[in-house]
Amino acid sequence: FSLDVYGTNRSYLGDYWRMSTPDYANDEVGLVTNDPSKEAWYGMDLASSAGVNGRYDWNNSVFFFGVDYTNLLQSQKEDIYALRVRSFNSAGVNLGLAIKDPLAAGLDYKVDLKYRYTDDLLNDQTNGQAGLQSHDLGFRLDVESVLSGGHNLKIETSYEMTDESGPLDVTAAALDFAPSYVVKSSRWLLEAGLRLSTVFKTDGRSVMYSHKEQVIYPVLRAEYMLFPEFLKTYATVGGGTQMNTYSSLVAKNRRVNPYYGRGVWNLLDVTEEKLSGELGFEGRLTSRFAYTLKGGYKIYGNAPLETLYIPNKEYGYMPGLGYAPYQMAYASMDFLLDTEAVRVDGNVQFNGVTSVGKTFKTLAGFVFPAPFNGNIAVMYDYKDRFYAGVDCDFATSRDGRAYRKASGGNAKDYKVTIPAYADLGVNLEYRLNSGMSLWARGGNLLGMTVQRELL
């Protein structure tokens, strides 16, 4: 039996910059960043989380469970007239059961059951008080029969349901069923099957979850051990859908709120990966250096992208979230060098959006991922007692279009750029004993404007 208890708090209280205002006479708006000439405003962003994770082992099975809670307290200017105050609370529980030795049992399985309740209360001077409540339920079962001669039958199935009340007001569910046949030996593996994946809603009047997906997707995978214990290569072809719930969007970006669609885009919708292909290599050069190289191409029928909305000339920009079809080539490298005294690890990724929907409604307002981003960290360990390190998160500039609904209901868009950044940090730690440490950290030592989200 094992039990982990955790709690974290990351908060900011202080001044926020007013963002730069677009030049409406010029299609080239330029950088979207803070404007020192504008008066700053005081706000807060308090994020706290706590939880318990545990597991219990018996015979050839393991039972695992978890309970978590997240709280956000925020105040932010949503427009020139009002200061929005927000109280977000979300609590979840998950239960699971899995087998430890599939070969002994002749069957491999894992069962997951989860539930989450979310309450989001917003209050501002213009719109008054508004609240959102959501219930999320999920079930997943993965089963693989261990047959003779390396022939296996594999089935993955899942069901998710979300019920959102308040401004979004929709009930939707996602069903996924993927049978496949697996053949493997000591050095290679082949898998072939198909995936049936769809999202449907019970209320046809709601505009949320309006994308219509293709339902059937391939499941193909091939692996080959080029050099046992040193280099494995793999190739996959796949696709499928994912239902984006309100709680999952906030988990990725805590600034998301019920009005993040800005009345232009649907905040809740489906991510559909119509077709994807990936080639990768996993290996190590020595016992202390490991790496993963992979690259591929994805065709999205619908996927979320960050957006910029211009509500009026006085305020400037407002961040948001929308969905669009696009295609993207990608490549990444993860590496780890671990010696007795020094540990170096990092990730470098390339994202290249090659095409996007041609209509104005599809294109306007979207800001694409940074072409290059990553992180590198170096840590020095002195006798398992004193640690000193340096790390850097970085991203190149991001391009996109800001959306504005002009007078007379006409729409217009402007070219925008989110600036590049390198967030350089240092940290020191002194370990008092196996259960307690003293540490200090400093970040953004280069003094750059770091915009991981748009604003």
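**Figure 1. Glu 156 and Arg 195, a buried charged pair.** Let's start with Glu 156, which is buried at a relative accessible area of 17%. Its partner in this predicted model is Arg 195, and the two side chains form a salt bridge with 3.5 Å from N to O. Glu 156 belongs to strand β8 (residues 151–165) and Arg 195 to strand β10 (residues 188–201), so this contact links distant parts of the chain, 39 residues apart. Is Arg 195 buried or exposed? Arg 195 counts as buried, with 17% relative accessibility. Both residues also take part in a network of salt bridges, whose other members are Arg 140, Asp 142, Lys 154, Asp 176 and Glu 191.

**Figure 2. Asp 68 and Arg 116 join strands β4 and β6.** Here the side chains of Asp 68 and Arg 116 form a salt bridge, 2.9 Å from N to O. Asp 68 comes from strand β4 (residues 61–77) and Arg 116 from strand β6 (residues 107–124), 48 residues apart. The surroundings of the two partners can be read from their accessibility: Asp 68 is buried at 17%, whereas Arg 116 is partly exposed at 22%.

**Figure 3. Asp 391 and Arg 441 join strands β19 and β23.** How many salt bridges does the structure hold? There are 23, and this view shows one of them, between the side chains of Asp 391 and Arg 441, at 2.7 Å from N to O. The pair links distant parts of the chain, with Asp 391 in strand β19 (residues 386–395), Arg 441 in strand β23 (residues 436–442) and their positions 50 residues apart. Asp 391 is buried, with a relative accessible area of 15%, while Arg 441 is partly exposed at 46%.

**Figure 4. Leu 267 in the largest nonpolar core.** This core has 22 residues, and Leu 267 is listed with Leu 168, Tyr 209, Tyr 246, Leu 249, Val 256 and Leu 268 as having the most contacts inside it. Strand β9 (170–184), helix α2 (246–252) and strand β15 (318–338) each supply at least two core residues. Which residues does Leu 267 touch, leaving aside those up to four places away in sequence? Among them are Leu 168, Met 208, Tyr 246, Pro 258, Leu 321 and Tyr 323. A second, separate core has 12 residues, including Tyr 300, Ala 303, Phe 368 and Tyr 403.

**Figure 5. Trp 265 and Phe 366, a tilted aromatic pair.** The structure holds six aromatic pairs. In this one, the rings of Trp 265 and Phe 366 lie 6.1 Å apart, centre to centre, with 55° between the planes. Trp 265 sits in the loop between α2 and β13 (270–286), and Phe 366 is in strand β17 (residues 366–367), 101 residues apart. Trp 265 is buried with a relative accessible area of 9%, and Phe 366 is buried as well, at 0%.

**Figure 6. Phe 350 and Phe 372, a tilted pair in partly exposed positions.** These rings are 5.3 Å apart, centre to centre, and their planes make an angle of 50°. Phe 350 lies in strand β16 (residues 342–356) and Phe 372 in strand β18 (residues 372–382), so the pair ties together parts that are 22 residues apart in sequence. Phe 350 is partly exposed, with a relative accessible area of 30%, and Phe 372 counts as partly exposed at 40%.

**Figure 7. Lys 298 over the ring of Tyr 330.** The charged end of Lys 298 sits over this ring, 5.3 Å from the ring's centre.

Terms used
Residues are numbered from 1 along each chain as its sequence is written. This is a predicted model: local features need pLDDT of at least 70, side-chain atom pairs count only at pLDDT 80 or more; totals for chains, interfaces and linings use all residues. Side-chain values use heavy atoms; hydrogens and water are left out. A salt bridge is a side-chain nitrogen of Lys or Arg within 4 Å of a carboxyl oxygen of Asp or Glu. Helices (H or I, at least four residues) and strands (E, at least two) are DSSP runs, numbered from the N terminus. Buried means under 20% relative accessible area, exposed over 50%, partly exposed in between (1.4 Å probe, protein chains only). A nonpolar core is a set of buried Ala, Val, Leu, Ile, Met, Phe, Trp, Tyr and Cys residues joined through side-chain atoms within 4.5 Å. Contact means heavy atoms within 4.5 Å. Rings of Phe, Tyr and Trp (its six-membered ring) pair if their centres lie within 6.5 Å; planes under 30 degrees apart count as stacked, over 60 as edge-to-face and the rest as tilted. A charge sits over a ring if NZ of Lys or CZ of Arg is within 6 Å of the ring centre and within 35 degrees of the ring normal.
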